[in-house]
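Here is a model to be read through a few questions on its geometry. Please look at the sequence and coordinates before going on.

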Amino acid sequence: MSVPETMKALVLTSPGEFEIQQVPVPVPGAAEVLCKIRAVAICGSDPEIIRGGLAGIWPPAYPFTPGHEWSGEVVQVGPEASGFAVGDRVAGEAHKGCGHCRNCLAGRYTICLNYGRAESGHRHYGFITPGAYAQYNVYSIKSVKKLPAKVSFREGALVDTAGVTLHGMELSGITAGGTVVVIGPGPIGLIAMRFARILGAAKVIMVGRGSRLQTAVKLGADLAINFEQEDPVEAVRRATDGEGVDEAFECSGAEGTFAQAVRMVRKGGSVALLGVPPDTVEEKLPYKYIVHNEIAIYGSRANPNVSWKIIEAIAAGRLVVSDLISHVFPLDDFAQALSTFVERKDGAVKVVIEPNGPEVGRR
Ligand SMILES: [Zn+2]
Ligand SMILES: [Zn+2]
């Protein structure tokens with residue numbers, strides 16, 4: 001496969017400023033592959049990074065290219081990148097741990113103790129390491145997972161998001177035949193609804209508002225609670241004969257929802273936090289209530305060791321993600337794609353960029 005010397009990339013030039021530039025195509029180093037980016041989904045964290053609200057951390061400096069929910073194909077293999085070949089279809093992961101700290105050795109590489117120390121081998125693509133809003137990018141072979149031909153590149157771009165959900169569910173567990181509540185019917189919440197079922201939940205209650213709550217109903221929520229119209233804690237308790245649900249998944253990051261989730265679960269229930277709140281949110285929690293009712297609380301940052309499960313679930317037709325992609329844009333129209341996502345135009349759920357055009361013969 002011929003690789004050009006330069007490519008188009010979205011480049012952040014300063015907080016809130018970006019442009020499409022022609023830049024050099026990177027060269028894969030040891031245990032790295034160069035990938036042609038075929039689809040990259042806008043994540044809820046991207047607008048904040050682009051706005052510059054976290055400048056100095058994400059990105060550490062300008063210019064910078066973000067983007068981390070991607071799929072593509074291997075077009076060049078670096079030295080010692082065994083097991084990969086030109087033409088491999090892959091989906092990406094954002095985190096690559098150092099590989100030798102306590103957490104990495106325990107498989108928890110998304111909470112690597114050497115976070116941000118590039119010299120340790122750590123990478124966080126699209127956050128501190130250059131990302132996928134470009135026609136090509138280099139990745140560690142630890143951060144790419146092979147995609148079977150059955151899974152489209154567009155579906156592949158949702159593997160990362162779906163993995164965050166599954167990781168949270170693996171932490172909390174799912175009660176077979178039980179009831180879960182999902183707060184926040186965005187992309188993560190909608191995938192949580194589906195995965196809870198795959199893992200054996202009998203009923204899923206969705207809490208939200210507006211067009212996204214309607215989407216959840218359309219996609220099969222057993223009960224939809226509009227928090228603008230009723231108290232969501234009371235409504236969940238009412239729906240479960242006063243007992244509460246087995247597990248609550250907070251997928252919105254909104255203020256007040258963590259405490260609500262705690263009050264929604266049964267005695268001995270679990271709360272998993274999948275949504276990322278703004279830095280300013282300091283949640284007030286019912287401390288004694290949590291102790292007396294033995295409520296377990298889990299934070300889920302990312303997606304360690306779950307991508308292969310997501311890919312298999314999509315390939316087998318068990319997990320459907322393609323209908324969550326509401327809009328697709330070329331890289332040149334990034335500004336329009338971003339505003340569509342941020343303003344949730346035309347019921348936007350997942351907005352995908354195709355830096356090298358659409359995959360032929362797929363939808
Ligand atoms: Zn993401
Ligand atoms: Zn590590």
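The questions and answers below concern a predicted model.

Q: Between which domains does the second largest pocket lie?
A: The second largest pocket has a volume of about 320 Å³. Its lining takes residues from two domains, so the pocket lies between domain 1 (6–158 + 321–354) and domain 2 (165–299).

Q: Which residues are the closest to the centre of the second largest pocket?
A: The lining of this pocket has 22 residues. Helix 4 (159–172) and helix 8 (257–264) each supply at least two of the lining residues. The closest to the centre are Leu 273, Gly 275, Pro 277, Gly 299 and Ser 300.

Q: How many residues of the lining of the second largest pocket are charged?
A: The lining divides into three classes. Eight residues are nonpolar and nine are polar. The charged residues number five.

Q: Are helix 7 and helix 8 roughly parallel or roughly antiparallel to each other?
A: The axes of helix 7 (residues 232–239) and helix 8 come within 9 Å, and the crossing is right-handed. The axes cross at roughly 20 degrees. Angles under 35 degrees count as roughly parallel. The two helices are therefore roughly parallel.

Q: Which residue precedes Pro 63 across a cis peptide bond?
A: The loop between helix 1 (46–51) and strand 4 (69–77) holds Pro 59, which follows Trp 58 through a cis bond with omega near 0 degrees. Pro 63 also lies in the loop between helix 1 and strand 4. Omega of its cis bond is about -5 degrees, and the residue joined to Pro 63 is Tyr 62.

Notes
Residues numbered from 1 in each chain as written. Chains lettered and ligands numbered in written order. Predicted model: local features only at pLDDT ≥ 70, side-chain atom pairs only at ≥ 80, totals over all residues. Heavy atoms only, no water. 1 Å grid on protein atoms, 1.4 Å probe; cavity = no way out; pocket = protein on both sides within 12 Å on 5 of 7 lines; lining within 4 Å. Points joined across faces, edges and corners; volume = space filled by probe spheres on them. Helix = DSSP H or I, 4+ residues; strand = E, 2+ residues; numbered from the N terminus. Nonpolar A, V, L, I, M, F, W, Y, C, P; charged D, E, K, R; others polar. Domains from an automatic or database assignment. Axes fitted to C-alpha atoms, helices over the stretch in contact; angles between N-to-C directions. Parallel < 35°, antiparallel > 145°, perpendicular 65-115°, else oblique. Left-handed = near helix turned anticlockwise from the far one by under 90°.
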